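Biologist: Could you take me through this model slowly, feature by feature, giving the general idea before the particular case?

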Amino acid sequence: MPGPRAPGEPRGPGERRPLLARRLRGPRRWRRAAAAAVLLVEMLERAAFFGVAGNLVLYLNSENFQWAGEQASRAALVFLGASYLLAPVGGWLADVYLGRFRAIVLSLLLYLVASSLLPATAVSDGRRSFCGEMHESKLEPACPSPECMRPSPSPYCAPTLYVGLLLLALAASSVRSNLTSFGADQVMDLGRHATRRFFNWFYWSINVGAVLSLLVVAFIQQNISFLVGYSIPVGCVGLAFFLFLFATPIFITKPPTGSQVSSMLKLALQKCCPRLWCQHCARDPQGAQLLPDQRSHQPGPSPQEDIANFRVLVKLLPVMVTLVPYWMVYFQMQSTYVLQGLHLHIPNIFPDYPGNSSVVLGAQDSAYKIPEAWLLLANVVVVLILVPVKDHLLDPLLLRCKLLPSALQKMALGMFFGFASVIVAGFLEMKRLEYIHHNQTVSQQIGHDMYYAAPLSIWWQIPQYLLIGISEIFASIPGLEFAYSEAPRSMQGAIMGIFFCLSGVGSLLGSSLVALLSLPGGWLHCPMDHGNINNCQMDLYFFLLAGIQAATALLFMWIAGRYERAARNPASQSCLSRDRG
């Protein structure tokens, strides 16, 4: 497969030159314009995504659906996990059939349709149309004695919502996996430094979208209306779709080049299960010859390149797999951290307003609460501040002093900050439960629902959000750069898809752990406490996550050390340099 084209080299037969190239001064300018358009589309798409995910737990826990706390938290983790786990599907479709440009366009269309389900179910007529009637069930305070058993009802409208959320996750994952590589393609010929800077600013644009969404959408959803709040993400997706189409003339687009999935599976079967491979060869001797040197010449990677790419994949996978527990910790920010925040004292935005009171229910409709999802801003602001500082000051300084750490070293440091975040969350939950067990609670209305919270301020959650934000700088951004730059040219899309897929595996493992601990006898099993978590032991769940993260961080450092020593080997270096883009 041909490598990246030099600035003056002729284009390949399938690569389309941007129509506006003649109007812009030089290739650098139109490539930067194309990259800027990609960043803007990503910002709008992320604003829509965070608009959906930021208050999803609150939406499902509200009077509209009345899901129990662990049910809403599990649905959020499933949605977040699927939005990453399904990334290889969109990447594979782009590689084999559609190309990245068409895959992004179709994914944005699906995004637009699927996101419309949430505002539709925010009104009673829409819920009756999609879900049927709901039996009346209201949030109640915790049971006064262990003998009081109140079973959790089955979640209302679960099939419809899960189907809609999974379609939305498929669209978001396809946009993410293809738009990331599509944007990097626009600046690839400007050098590796330009690619690294693109990933820095790509991540920065993600968080700009998150700020816009959390400041405006989260406030509207919590204090005004879920209908209006969930209509804004639909508008953001529509704007991103039309902007992407408008910028089409300045994009470098490439046709689908085929997938190496079948070749990789055959090589894996040959290396890992030689007996099964021999049986396969006996049944299909003609197909078996397609692997090594007997295969006839076909467009795409040669058999030797297939084997070399498989070896690179075998080296990359252990590094990326040991990041999974970090993603388990990371996605708590949009699930259990939100649930914990709903049971801390949330102050009013206008504390001096005469009707504002968190203790007595009454005259609450005029009191605007600070949206719990605003705590995510602590994470986002850290990223928005540190990415430009890192890009313009820290990285150049460390590079001049020859002290710039490798991507793998940064990822290990990010794991440490993730570990610190979940430890802080565990200690805060311990303190919260102390107040609850001493019957020191505050009744507070969030939207139309009542929560029984500890008198601890929600601002005590800021440290755990700050720490998870710092961990993103060192784990997620270098992880993206590592996956794109270390992959062979012919497998960059596949490796990026695997990276995002493993992120989703972390979220789904976190969801599975919540489901397991919600069984009778588990730390998160509290059916007598419908709609709240005051009879649960979520602090032990946080400490369990911290233990898992610490153990795998040590394993990651050992694997990363072996990988870097192998990369410094001259023979290995010369072999890999022929394959990487």
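Biologist: Let me begin with a single residue: in which loop does Ala247 lie?

Modeller: Please keep in mind throughout that this is a predicted model. Ala247 lies in the loop that runs between α9 (residues 226–246) and α10 (residues 261–272).

Biologist: Is Ala247 buried or exposed there?

Modeller: Since a residue counts as buried when its relative accessible area is under 20%, Ala247 is buried because its value is 10%. One can also look at what accompanies it in space: the C-alpha atoms of Ala247 and Ala36 are separated by 10.0 Å, although the two residues are 211 residues apart along the chain.

Biologist: How should I read backbone angles, and what is the phi of Asn439?

Modeller: As a general idea, most residues other than glycine have a negative phi. Asn439 is not a glycine, and yet its phi is positive, at about 60 degrees. This residue belongs to the loop between α17 (407–437) and β2 (442–446), and Asn439 counts as exposed because its relative accessibility is 68%, where the cut-off for that word is over 50%.

Biologist: Turning to charged side chains, how many salt bridges does the structure hold?

Modeller: The general idea is that side chains of opposite charge can pair when their charged atoms come close. The structure holds 4 salt bridges. In one of them Arg432 pairs with Glu429, with the closest N and O atoms 2.9 Å apart; both residues lie in helix α17, separated by 3 residues, or about one turn of the helix.

Biologist: Are Arg432 and Glu429 buried or exposed?

Modeller: Arg432 counts as buried because its relative accessibility is 0%, and Glu429 likewise counts as buried because its relative accessibility is 0%.

Biologist: Which residues are joined into one network by salt bridges that share partners?

Modeller: Glu42, Glu45 and Arg46 are joined in that way. Glu42 forms a salt bridge with Arg46 in which the closest N and O atoms are 3.8 Å apart, a distance to be read against the cut-off of 4 Å, while the side chains of Glu45 and Arg46 meet at 2.8 Å, N to O. Glu42 and Arg46 both lie in helix α1, 4 residues apart, which is about one turn of the helix.

Biologist: Why do Glu42 and Arg46 count as buried?

Modeller: Glu42 is buried because its relative accessible area is 0%, and Arg46 is buried because its relative accessible area is 3%. Glu45 is buried as well.

Biologist: Moving on to internal space, how many cavities of 30 Å³ or more are there?

Modeller: A cavity is to be read as a space where a probe fits but cannot get out, and the count comes to 4 cavities of 30 Å³ or more. The largest holds about 270 Å³ of space.

Biologist: Which residues lie nearest the centre of the largest cavity?

Modeller: Of the 26 residues in its lining, Tyr84, Tyr203, Ile206, Tyr330 and Glu472 lie nearest the centre. The lining divides into 17 nonpolar, 5 polar and 4 charged residues. Several helices each supply at least two of them, including α1 (26–53), α3 (69–85), α14 (324–330) and α18 (462–486), and the largest share, 5 residues, comes from α8.

Biologist: What is the volume of the second largest cavity, and which residues are closest to its centre?

Modeller: The second largest cavity has a volume of about 60 Å³. Among the 10 residues that line it, Glu70, Leu339, Leu524, Ile533 and Met538 are the closest to its centre. The elements that give two or more residues to this lining are α3 and α15 (336–342), with α3 giving the most, 3 residues. By type, the lining of the second largest cavity divides into 6 nonpolar, 3 polar and 1 charged.

Biologist: Finally, which residues form a nonpolar patch on the surface?

Modeller: The patch is formed by Val89, Trp92, Leu93 and Tyr97, which together have about 370 Å² of accessible area. One of these residues, Val89, lies in helix α4 (residues 87–115), and Val89 counts as partly exposed because its relative accessibility is 37%.

Notes:
Residues are numbered from 1 along each chain as its sequence is written. This is a predicted model: local features need pLDDT of at least 70, side-chain atom pairs count only at pLDDT 80 or more; totals for chains, interfaces and linings use all residues. Side-chain values use heavy atoms; hydrogens and water are left out. Patches are made of residues with over 30% relative accessible area and no salt bridge: like charges are joined within 9 Å, nonpolar side chains (Val, Leu, Ile, Met, Phe, Trp, Tyr) within 5 Å. Accessible areas come from the Shrake-Rupley method with a 1.4 Å probe; for residues, only the protein chains shown count as cover. Buried means under 20% relative accessible area, exposed over 50%, partly exposed in between (1.4 Å probe, protein chains only). On a 1 Å grid over the protein atoms alone, a cavity is a set of points where a 1.4 Å probe fits but cannot get out, and a pocket is an open set with protein on both sides within 12 Å along at least five of seven lines; lining residues have an atom within 4 Å of a point. Grid points are joined across faces, edges and corners, and a volume is the space filled by probe spheres set on the points. Ala, Val, Leu, Ile, Met, Phe, Trp, Tyr, Cys and Pro count as nonpolar, Asp, Glu, Lys and Arg as charged, and the others, Gly among them, as polar.
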